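Please examine the sequence and the three-dimensional model shown below before reading on. The paragraphs after them are meant to be read with the structure in view.

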Amino acid sequence: MSHCNVPALIEPQVEMGSVDEAENKTLFKLEEDAKQTKEASLMEQGSLSPTFPQHTTKSPKNTVLKSIRIVILSNKLNLLLPFGPLAILVHYMIDSKGWVFLLSLIGITPLAERLGYATEQLAFYTGPTVGGLLNATFGNVTELIISIFALKNGMIRVVQLTLLGSILSNMLLVLGCAFFCGGLVFHQKDQVFDKGLAVVNSGLLLMAVMGILFPAVLHYTHSEVHAGSSELALSRFSSCIMLIAYAAYLFFQLKSQSSSYSPLEEETNQNEEASDEDEDPEISKWESIIWLSVLTAWVSLLSGYLVDAIEGASVSWNIPIAFISVILLPIVGNAAEHAGAIMFAMKDKLDLSLGVAIGSSIQISMFAVPFCVVIGWMMGEQMDLNFQLFETAMLFITVIVVAFFIQEGTSNYFKGLMLILCYLIVAASFFVHEDPQQDGGI
């Protein structure tokens, strides 16, 4: 019996040892899983990258005065902020439309740039993909506000021309300056960006051109089933389709292909970013949201005075309204994108530059334009997608030119210079162009 009991006594000890060992392995595995889950969640929030695991976003705790000093007093461009209140003062004291327009235009410029700054700060807490979307959204909020005020005043042509000018400015001037400045800094090599993403963006821009082109073709071929109403009905239907396409694009970008939309240059620049102390946010998340609200409200106020003064400024300066709407207004509205795209290009982050410039053009053409058509529909305004023959042809050629320039996935200062020169041709064309609907459309 003693021989039979020895194995019986040993077996429980062996089993207990294996159980303890299994429990230790399980606990160790749970700790590893918890660590990996935490790292994954931090990566989703943009505070941790797979090859740079120690980087976390530190939220600063600023007082109200320090926050004002950081946002308002730290930038030299903010010296132009007093021009905003001065424009309102001139409006009520002198009522000189030319001066009100000029002062409002100058006063909005630093606000547009600060909107971009506040959005950039908020992007530290949301991650790169959502941050890029926020940047494009608030970068275009100036044009959207101006367009809604103009639409409210029945100035349909100003809405169309301002949005068109913003698309042209982003694709030619902003992208051109980014390519040019980045090419000068890195003149010994071609800068590289995601070619697949560039092709998708080009396809979306061509779809937007298709939506804008067909109502114009229908109008100028006189082939409407119901004269005067078919063009408007087609515009409203196309606008709804474009909004659905843009929503699908957002879902594709944020959910399905989020890994594809992370910047390619991020991996090659992570060592530089690790040593760059300026990557930490300067203001907290709630400070960013509050400043975005304040700046948006101030832009809305100034936009009302700006839109009211457009016609008077055109008469007093003897400049076509088309030139003011297509060239002057978008340059001010795109101040944030302009500065951001150039800064990213000079850091060899061409994917971010392309996302700002082309992404902004996509958002205006696929969201802002059809959104204004729908809003006009609700207001009872006959806002349509017929931008007239001259403007539609200009947009079509611009999209084709830009698509050819970005299809290779490389950039240099020569390509940037060509895009800037193309924009100068566009600006000169609108300076000598008289809008056929100038009297009736506005």
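The following paragraphs go from the chain as a whole to one helix, and then to charged pairs, a helix packing and some loop residues.

The model is a predicted one. Its protein chain contains 18 helices and two strands. Of the 442 residues in the chain, 49% are buried. Contacts can also be sorted by how far apart the partners lie in the sequence: among those with a separation of 6 or more, 84% join residues 24 or more positions apart.

Helix α17 is a useful place to begin a closer study. This helix covers residues 389-406, which is 18 residues, and it reaches 26 Å from its first C-alpha to its last, close to the 26 Å expected at 1.5 Å a residue. The buried residues in α17 are Glu391, Thr392, Met394, Leu395, Thr398, Val399, Val402, Ala403, Phe405 and Ile406. Seen down the axis of α17, these buried residues fall within an arc of 160°, so they line one face of the helix. A general property of helices helps in reading such a pattern: an α-helix has 3.6 residues a turn, so residues three or four places apart point the same way. The face of α17 turned away from the buried side carries the exposed residues Leu389, Ile397 and Phe404.

What covers the buried residues of α17? The covering elements include helices α7 (156-185), α8 (195-220), α16 (350-379) and α18 (413-431), together with strand β2 (410-411). Ala403, which lies in helix α17, may serve as an example. Its relative accessibility is 18%, and because buried means under 20%, Ala403 counts as buried. Ala403 and Val199 are 204 residues apart in sequence, yet their C-alpha atoms are 7.7 Å apart in space.

The next topic is charge. Side chains of opposite charge can pair when their charged atoms come close. How many salt bridges does a search of the whole structure find? The search finds three. One of them returns the reader to α17: Arg157 forms a salt bridge with Glu391, and the closest N and O atoms are 3.0 Å apart. This pair links distant parts of the chain, since Arg157 belongs to helix α7 and Glu391 to helix α17, 234 residues apart. Arg157 is buried, with a relative accessible area of 1%, and Glu391 is also buried at 1% relative accessibility.

Another salt bridge joins Lys189 to Asp348, with the closest N and O atoms 2.8 Å apart. Here too the pair links distant parts of the chain: Lys189 is in the loop between α7 and β1 (191-192), Asp348 is in the loop between α15 (335-346) and α16, and 159 residues separate them. Lys189 is partly exposed at 42% relative accessibility, whereas Asp348 is buried, with a relative accessible area of 6%. The remaining salt bridge is formed by Glu408 and Lys415, whose closest N and O atoms are 3.4 Å apart. Lys415 is buried, at 10% relative accessibility.

Two helices elsewhere in the chain show how such elements pack. Helix α3 (residues 83-93) and helix α12 (residues 285-308) pack at an angle of about 35°, and their axes are 10 Å apart. The crossing of these two helices, α3 and α12, is left-handed. At their meeting, α3 contributes Gly84, Pro85, Ile88, His91 and Tyr92, while α12 contributes Trp298, Leu301, Leu302 and Tyr305.

The loops also deserve attention. Asn78 lies in the loop between α2 (64-73) and α3. Is Asn78 buried or exposed? At 6% relative accessibility, Asn78 counts as buried. Leaving aside residues up to four places away in sequence, Asn78 touches Val71, Ile72, Leu73, Pro110 and Arg114.

Two further loop residues are notable for their backbone angles. Most residues other than glycine have a negative phi. His222, however, has a phi near 55°, a positive value in a residue other than glycine. His222 is found in the loop between α8 and α9 (230-256), and at 70% relative accessibility this residue is exposed. Asn318 likewise has a positive phi, near 55°. Asn318 lies in the loop between α13 (310-317) and α14 (321-333) and is exposed, with a relative accessible area of 67%.

Key: Residues are numbered from 1 along each chain as its sequence is written. This is a predicted model: local features need pLDDT of at least 70, side-chain atom pairs count only at pLDDT 80 or more; totals for chains, interfaces and linings use all residues. Side-chain values use heavy atoms; hydrogens and water are left out. Helices (H or I, at least four residues) and strands (E, at least two) are DSSP runs, numbered from the N terminus. The expected span of a helix is 1.5 Å times one less than its number of residues. Buried means under 20% relative accessible area, exposed over 50%, partly exposed in between (1.4 Å probe, protein chains only). The arc is that of the directions from the helix axis to the C-beta atoms. Contact means heavy atoms within 4.5 Å. A salt bridge is a side-chain nitrogen of Lys or Arg within 4 Å of a carboxyl oxygen of Asp or Glu. Axes are lines fitted to C-alpha atoms, for helices over the stretch in contact, and angles run from 0 to 180 degrees between N-to-C directions. A crossing is left-handed if the near helix is turned anticlockwise from the far one by less than a right angle, and right-handed if clockwise.
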